[in-house]
Every structure is written in C-alpha cells, then in structure tokens.
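Dear colleague,

I am passing on the structure we spoke about, and it is placed just below so that you can have it open while you read. My notes on what turned up in it follow after that.

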Amino acid sequence: MKGLGELERSIMDVIWAQPSAVTAREVGRLIAERDLAPTTVMTVLDRLTRKGFLKRTRDGRAWRYEPQESRDGYIAELMLEALDLTGDRSAALTRFAQAVSGPEAEILRRALTELEDE
C-alpha cells in the first residue's frame, strides 16, 4: 500500500470523519484551515482515487468521494508493512506486545481468541 503525504493524510482524515460520501467542495470547506485552492483539493482527491484510497461516484456534475477502507484498515496495513521491513517478525511482534498497555494487550488477546475460534 502506498503511503500518504501530509496533505493527502489531512484530506483522508476529513473524509474518514464523514458519515457519507462528500464532494470536493465539501472537502474544501471542511479543511478550510489549510486555505487550499479548489483545484488543489480536486487534484489531491483525484490522486487519492488513483492510488486506491478513495472511490468516487457521479452526483450530477460533481463527484462524491468515500474511502475504499476505514482508517483502522489503513493503519493495520501500515503495521503489516512495517513488519515486512524487519528481518525477524517474531522479535518485532514480541517487542510490540511488550510495549502495549494492559487494556491494549487484552484487546489483542480477545482478537486472537476469536480468530482461533473461527
């Protein structure tokens, strides 16, 4: 999975926070603190679509954009890619497990138990 640049990440954060698909104009309003030109927003949305982060559908003359997957799915993919960078996945996973909090460790235990039960 390709990474996101700073502006792409900001725009994805806005889109992930929306309950439904949004237009470029709506994204521009929601990210107003960046003071971006409408053409810049459209260019980034197009690039995110081509990279596979967004899907778009026609709505009259405008496009509506929504994420291909959730923020959690994206973060999980980044974590898996980070594991691929290590020469020893077991050591990296062990180190990760030692670094998480008690409640986070419990979440991992439950998830692993559910996977085993399937």
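Leucine 78 is a convenient place to begin: in this model, which is a predicted one, the residue sits in helix H4 and is partly exposed, its relative accessible area being 32%. Leucine 78 belongs to a nonpolar patch on the surface, which it forms with Ile75, Met79, Phe96 and Leu108, and the accessible area of these residues together comes to about 400 Å². The helix that gives the most to this patch is H4, with three residues. Since a residue needs over 30% relative accessible area to be taken into a patch, leucine 78 qualifies with its 32%.

The surface also carries a patch of charge, a negative one, made up of Glu114, Glu116, Asp117 and Glu118. Of these residues, glutamate 114 is placed in helix H6, which covers residues 102-117, and glutamate 114 is exposed, at a relative accessible area of 52%.

Turning to the interior, I looked at helix H1, which runs over 6-16. Which residues of H1 are buried? They are Leu7, Glu8, Ile11, Met12, Val14, Ile15 and Trp16, and they pack against a whole set of elements, namely H2, helix H3 (38-50), strand S1 (54-59), strand S2 (62-67) and helix H4 (71-85). Serine 10 is also in helix H1, but this residue is partly exposed, with 22% relative accessible area. If residues up to four places away in sequence are not counted, serine 10 touches Ile31 and Arg34. The C-alpha atoms of serine 10 and methionine 42, by comparison, are separated by 14 Å, the two residues being 32 residues apart along the chain.

The loop that follows, between helix H1 and helix H2 (24-30), contains threonine 23. Is threonine 23 buried or exposed? With a relative accessibility of 11%, threonine 23 counts as buried, because the limit for that class is under 20%. Apart from neighbours within four places in sequence, the residues in contact with threonine 23 are Ala62, Trp63 and Arg64.

Arginine 64 comes up again among the salt bridges, of which the structure holds ten. Glutamate 26 pairs with arginine 64 in one of them, and their closest N and O atoms are 3.2 Å apart. Because glutamate 26 lies in helix H2 and arginine 64 in strand S2, this pair ties together parts that are 38 residues apart in sequence. Glutamate 26 is partly exposed, with a relative accessible area of 22%, and for arginine 64, likewise partly exposed, the value is 22%.

A salt bridge within a single helix is found between aspartate 46 and arginine 50, with an N to O distance of 3.1 Å. Why can these two residues be reached from one another along the helix? They are four residues apart in helix H3, so that about one helical turn separates them. As background, an α-helix has 3.6 residues a turn, so residues three or four places apart point the same way. In terms of exposure, aspartate 46 is partly exposed at 26%, whereas arginine 50 counts as exposed at 62% relative accessibility.

A further salt bridge joins arginine 89 to aspartate 84, and here the closest N and O atoms are 2.5 Å apart. Arginine 89 is partly exposed, with a relative accessible area of 37%, while aspartate 84 is exposed, with 56%. Elsewhere, salt bridges that share partners link Glu8, Arg47 and Lys51 into one network; Glu8 has already been named among the buried residues of H1.

Finally, there is a point of backbone geometry that you may wish to look at. Most residues other than glycine have a negative phi. Aspartate 35, although not a glycine, has a positive phi of about 50 degrees. Aspartate 35 is located in the loop between H2 and H3, and at 68% relative accessibility it counts as exposed.

With kind regards

Note on methods:
Residues are numbered from 1 along each chain as its sequence is written. This is a predicted model: local features need pLDDT of at least 70, side-chain atom pairs count only at pLDDT 80 or more; totals for chains, interfaces and linings use all residues. Side-chain values use heavy atoms; hydrogens and water are left out. Patches are made of residues with over 30% relative accessible area and no salt bridge: like charges are joined within 9 Å, nonpolar side chains (Val, Leu, Ile, Met, Phe, Trp, Tyr) within 5 Å. Accessible areas come from the Shrake-Rupley method with a 1.4 Å probe; for residues, only the protein chains shown count as cover. A salt bridge is a side-chain nitrogen of Lys or Arg within 4 Å of a carboxyl oxygen of Asp or Glu. Lys and Arg count as positive and Asp and Glu as negative; His and the chain ends are not counted. The place of a charge is taken as NZ of Lys, CZ of Arg, CG of Asp or CD of Glu. Buried means under 20% relative accessible area, exposed over 50%, partly exposed in between (1.4 Å probe, protein chains only). Contact means heavy atoms within 4.5 Å.
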